[in-house]
Amino acid sequence: MSNPATPPAVGVLDERPPLTFPPGFLWGAATAAYQIEGAANEGGRTASIWDTFSRTEGRTVAGHTGDVACDHYHRLSDDVRLMAELGLKSYRFSVSWPRVQPGGSGPANAEGLDFYQRLIDELLANGIEPWLTLYHWDLPQELEDAGGWPSRDTAARFADYSLLVADALGDRVKYWTTLNEPWCSAFLGYGSGVHAPGRTNGADAVRAGHHLMLGHGLAVQALRTAVPQAQLGVTVNLYPVTPASDAPGDVDAARRIDALANRFFLDPMLRGAYPNDLVADLAKVTDFNHVHDGDLATISTPLDVVGVNYYSRHVVAAPIPGEQPEVYWRDQACWPGSEDVRFVTRGVPVTDMNWEIDAPGLVETLRRVHEEYTELPLYVTENGSAFVDEVVDGQVDDVDRLAYFDAHLRASHEAISAGVPLRGYFAWSLMDNFEWAWGYTKRFGMIYVDYDKQTRIPKSSARWYAEVIRRNGLAAQ
C-alpha cells in the first residue's frame, strides 16, 4: 500500500524554494549491534539475552538469529564507505555489552573494544560524528541468569560497564545515549515476553523499567566525571495516544496507555517522580517497594539532550465487558494493569509491521516533550518504516519508504517552526537487518542487504536521503 504523500522523483530536483533546516542540523542514520554485527562467537564476545532468546525454538520467525546478521563486524570499512557516500553527518550505533564486557562483569575485553575503536576512527576520518548508544537490548546472559533488569544489581553493573566504554572511547565520542527504548526492554522483554529474555510477569516488567532508569541515572553520573565534555542523553520511544471517541471510558483508556507508554519514563527521568495516576493504575500489579530513597533523584540526573524514537500513534478505547480485546499492537500483556484496553485500527495506510502511518503524530510528540517536559535539545533518534522490497534489475525502488521519510521530515520541520529545539534526525535504519522476533522477514533499511551473499544495494530512499542531506532540506510542496 502506498503512502498518499508523493515526494519528488528520485534524481529530479524541484527548483522551488526548499524547506530548509537550521544550519548544523545533524543528519544521520541508526543501527543496533545485535541487529547488524554478527560475529556472535568471535573476538571474546559471549552470549546476550538475544542470543539465547533467538536460539530458543519458537521465539523468532523461522528460528532466525543474529549470529551472522549483516556481518558488519567483518565489513566495517565497506559499511562506513556507504555512509560517507550518503553524506551522513552522524552515525548512531550501539555497543554490544557482551562484546566489551563478556559476562557482564570484570575487565574490558580489548579485542571487543578494538572493533569500536576502529569503527569510530573510520567514522571520524570520513567526517561522520559517532553517536554511541550504550544499551540496545543485549544484556549479557549471565546478568539475566542473576535476575536481569528486575534485579537492582543490574543497574549498578550497567554503570560499571559504561565506565569501561568511556575509558576506551570517551576521547573521540561527543554524543552518548545510555538506553535505547527502555519501554521495549521492560514491557516487551519481561511483560509480554515477545522480546528477550521472554519473561511474562507484569510486576517484573515494572521493576525492570525502574532499574533500567536507575542504571541510566547511575551511568550519567559516572559519565559526567569520566567524559565531562560529552553530550549525555537517553532515547525513549514515544507515541501520541488518542481516545477512539470522547466517551469517558475511551478518554480514560488513553490516559492509562499514555501513562504506561510515555509518562512511565518521561516523568521520572525529566521530573523526578512517577505520575500518581500511573501508580494507582498499577496498584494491583506492584506496590512500588522496589523504589528506594534517592532513586528518583538519581534517575533524574540532568541531561544534555533527549532522543525521541517515533513510529506511529496509538488509538485506544475502553474495554468491552466480557470480551477479550483484539490484539493489534504487540501483545496486550505488555500493558500491565491495562491489559483489557482495546487498540483501535482506523483504516489508514500501514507499514509492513502493520503500524499506522501518522506523520502529524511526530509533531505532536516533539511539541509535547518540549512544551511539557524540557527545554533541552531534542533529536529524532529513530524514525522509519518496514515495507516489502524487491530487487529489480539490480535496483530497489522503495517509493513507500521514501514517501514515509518525506512526510516525517516535513513534520520535523513543522515542529522546528513551532519552536521545538530539534537538532537532528536519524533515519532507521541504515541497512536491512535482524528485526528482533521478526528475524529477517521485515526490512527497514535504506540499504538493501542480501543476507546470503552479504551484498548491499542502496535503495531509492537512500539516494533521496543523500540529496536531502546535501541540500539540508526538502523541496517545497
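A helix axis here is a line fitted to the C-alpha atoms over the stretch in contact, and the angle between two axes runs from 0 to 180 degrees between their N-to-C directions. Everything shown comes from a predicted model.

**View 1. Helix H8 crossing helix H10.** Start with H8, residues 182–192, whose axis comes within 10 Å of the H10 axis and crosses that axis at roughly 125 degrees. That angle makes H8 oblique to H10, because oblique takes in what is left outside the parallel, antiparallel and perpendicular ranges, the last of these being 65 to 115 degrees and roughly antiparallel starting over 145. The handedness of the H8 and H10 crossing is right-handed. On the H8 side, the touching residues are Pro182, Trp183 and Phe187, and on the H10 side they are Leu260, Ala261, Phe264 and Phe265. Sort the residues of this H8 and H10 contact by class and you get seven nonpolar, no polar and no charged.

**View 2. Helix H9 against helix H10.** Now swap in H9, residues 202–226, which packs on H10 at an angle of about 35 degrees with the axes 11 Å apart. H9 also passes H10 in a right-handed crossing. From H9 come Val206, Gly209, His210, Met213 and His216, and these meet Phe264, Phe265, Pro268 and Met269 of H10. The class count for the H9 and H10 contact is six nonpolar, three polar and no charged residues.

**View 3. Phe187 and the largest nonpolar core.** This core takes in 148 residues, and Tyr135, Trp176, Phe187 and Tyr465 are the ones with the most contacts inside it. The most generous contributor is helix H10, residues 248–271, which puts in ten residues. Zoom in on Phe187 and, setting aside neighbours within four places in sequence, you'll find Ser192, Ala205, Val206, Leu260, Phe264, Phe265, Cys334 and Pro336 in contact with Phe187. As general background, nonpolar side chains in soluble globular proteins tend to be buried together.

**View 4. Leu378 in strand S11.** Leu378 sits in S11, which spans residues 378–382. With a relative accessible area of 0%, Leu378 is buried, since the cut-off for buried is under 20%. Not counting residues up to four places away in sequence, Leu378 touches Val306, Leu366, Val369, His370, Val420, Pro421, Leu422, Arg423 and Gly424. For a sense of scale, Val285 is 93 residues away from Leu378 in sequence and 33 Å away in space, going C-alpha to C-alpha.

**View 5. Val363 in helix H13.** Val363 belongs to H13, a helix running over residues 360–373. Val363 is buried as well, at a relative accessible area of 8%. Ala411, Glu414 and Ala415 are its contacts once neighbours within four places in sequence are left out. Ser412 is 49 residues from Val363 along the chain, yet the two C-alpha atoms are separated by 6.4 Å.

**View 6. Gly24 in the loop between S1 and S2.** The loop holding Gly24 links strand S1 (19–20) to strand S2 (26–30). Gly24 counts as exposed because its relative accessibility is 73%, and exposed begins over 50%. Asn472 lies 448 residues from Gly24 in sequence, but the C-alpha to C-alpha distance is 8.9 Å.

**View 7. Two cis peptide bonds.** One of the pair joins Ala196 and Pro197, with omega about 10 degrees. Pro197 falls in the loop between H8 and H9. The other cis bond runs from Trp428 to Ser429, where omega is near 5 degrees. Ser429 is in the loop between strand S12 (422–428) and strand S13 (447–450).

**View 8. Positive phi at Ala62 and Asn354.** Ala62 isn't a glycine, but its phi is positive, near 60 degrees. You'll find Ala62 in the loop between helix H2 (49–54) and helix H3 (76–86), where it is exposed with a relative accessible area of 67%. Asn354, also not a glycine, has a positive phi of about 65 degrees. The loop around Asn354 lies between strand S10 (342–343) and helix H13. At 38% relative accessibility, Asn354 is partly exposed, because that value falls in between the 20% and 50% cut-offs.

Conventions:
Residues numbered from 1 in each chain as written. Predicted model: local features only at pLDDT ≥ 70, side-chain atom pairs only at ≥ 80, totals over all residues. Heavy atoms only, no water. Core = buried A, V, L, I, M, F, W, Y, C linked by side-chain atoms within 4.5 Å. Buried < 20%, exposed > 50% of the residue type's maximum accessible area, 1.4 Å probe, protein only. Helix = DSSP H or I, 4+ residues; strand = E, 2+ residues; numbered from the N terminus. Contact = heavy atoms within 4.5 Å. Parallel < 35°, antiparallel > 145°, perpendicular 65-115°, else oblique. Left-handed = near helix turned anticlockwise from the far one by under 90°. Nonpolar A, V, L, I, M, F, W, Y, C, P; charged D, E, K, R; others polar.
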